[in-house]
Amino acid sequence: MPPRTDSRQRFLDAAADLFHTKAYHATGLNELVSAGGAPKGSLYFHFPGGKEQLAAEALTQSSARLRDILRALLADGDTDAVFAALEQNLLASDFQRGCPLATVALDAAAGSEPIRQACVSGFDSWRAAIEEFLRDKGLDAAYAAGLSVVTLTSLEGALLLAKTQRDVTPLRTVAAHLRTTIERELS
């Protein structure tokens with residue numbers, strides 16, 4: 001049995017995993033408690049706001065992790081590594097794991113301000129990482145800002161299509177178009 005002192009993190013990790021694959025409303029408290037490996041009282045001790053607070057914090061954690069991965073992959077100089085990593089993640093999860101925010105954003109953000117804010121912050125941090133990469137490549141700041149929005153929304157759409165079609169072609173198509181766009185702007 002894991003040490004009791006890490007129960008808060010276990011709840012966050014379990015929630016992030018369950019919400020990523022099942023969404024917010026389809027994940028019950030008992031499932032969260034079981035996956036977190038701690039008593040229900042421990043969940044409320046660490047998250048007095050209950051499931052909603054746990055979800056918002058788990059989304060924030062997932063967002064930060066993906067932002068850090070994006071930055072690391074983009075530091076190598078191109079977007080292809082990002083798309084390859086997302087593709088690998090989809091394939092390794094049998095198309096169960098697309099975007100760690102999208103499932104919850106579509107399911108619960110309209111009814112929960114903390115969840116909506118966690119999604120807004122997460123998406124914006126990813127967009128900012130992409131914008132920074134594009135500026136570092138030499139694109140004009142205003143153009144990089146706009147292209148970062150187009151890139152993120154294209155990436156999100158490609159993930160959704162790939163997940164529902166159970167085919168990575170949408171990711172590959174968006175990656176190729178983005179690469180061409182960036183190359184054209186830099187030449």
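**View 1. Asp-13 and its salt bridge to Arg-65.** Asp-13 has a relative accessible area of 31%, so it counts as partly exposed (buried means under 20% relative accessible area, exposed over 50%, and partly exposed in between, with a 1.4 Å probe and protein chains only). Its partner Arg-65 comes out at 44% relative accessibility and is partly exposed as well. The two form a salt bridge, with the closest N and O atoms 3.3 Å apart (a salt bridge is a side-chain nitrogen of Lys or Arg within 4 Å of a carboxyl oxygen of Asp or Glu). This pair links distant parts of the chain: Asp-13 sits in helix H1 and Arg-65 in helix H4, 52 residues apart. Helices (H or I, at least four residues) are DSSP runs, numbered from the N terminus, and strands (E, at least two) are picked out likewise.

A quick note on what you're looking at: this is a predicted model, where local features need pLDDT of at least 70, side-chain atom pairs count only at pLDDT 80 or more, and totals for chains, interfaces and linings use all residues. Residues are numbered from 1 along each chain as its sequence is written, and side-chain values use heavy atoms, with hydrogens and water left out.

**View 2. Helix H1 crossing helix H4.** The axes of H1 (residues 7-22) and H4 (residues 50-75) come within 8 Å and cross at roughly 80°. Axes here are lines fitted to C-alpha atoms, for helices over the stretch in contact, and angles run from 0 to 180 degrees between N-to-C directions. H1 and H4 are therefore roughly perpendicular to each other (65 to 115 degrees; under 35 is roughly parallel, over 145 roughly antiparallel, and the rest oblique). On the H1 side, the residues in contact include Phe-11, Leu-12 and Phe-19, and on the H4 side they include Leu-54, Ala-58 and Arg-65 (contact means heavy atoms within 4.5 Å).

**View 3. Phe-11 with Phe-47, and Phe-19 with Tyr-24.** The structure holds three aromatic pairs (rings of Phe, Tyr and Trp, its six-membered ring, with centres within 6.5 Å; planes under 30 degrees apart are stacked, over 60 edge-to-face, the rest tilted). Phe-11 and Phe-47 make an edge-to-face one, 6.4 Å centre to centre with 90° between the planes. Phe-11 lies in H1 and Phe-47 in the loop between helix H3 (40-46) and H4, so the pair ties together parts that are 36 residues apart in sequence. Both Phe-11 and Phe-47 are buried. The rings of Phe-19 and Tyr-24 have centres 5.6 Å apart and planes at 40°, so that pair is tilted. Phe-19 and Tyr-24 are buried too.

**View 4. Asp-80 reaching Arg-179.** These two form a salt bridge, its closest N and O atoms 2.8 Å apart. Asp-80 is in helix H5 (residues 80-92) and Arg-179 in helix H9, so far along the chain that 99 residues separate them. Asp-80 is partly exposed at 27% relative accessible area, and Arg-179 is partly exposed at 33%.

**View 5. Arg-166 holding on to Asp-94.** Another salt bridge joins Arg-166 and Asp-94, with the closest N and O atoms 2.5 Å apart. Arg-166 lies in the loop between helix H8 (141-165) and H9, and Asp-94 in the loop between H5 and helix H6 (102-108), so the pair ties together parts 72 residues apart in sequence.

**View 6. Thr-181 in helix H9.** Thr-181 lies in H9 (residues 169-186) and, at 17% relative accessibility, counts as buried. Leaving out residues up to four places away in sequence, Thr-181 touches Tyr-143 and Leu-147.
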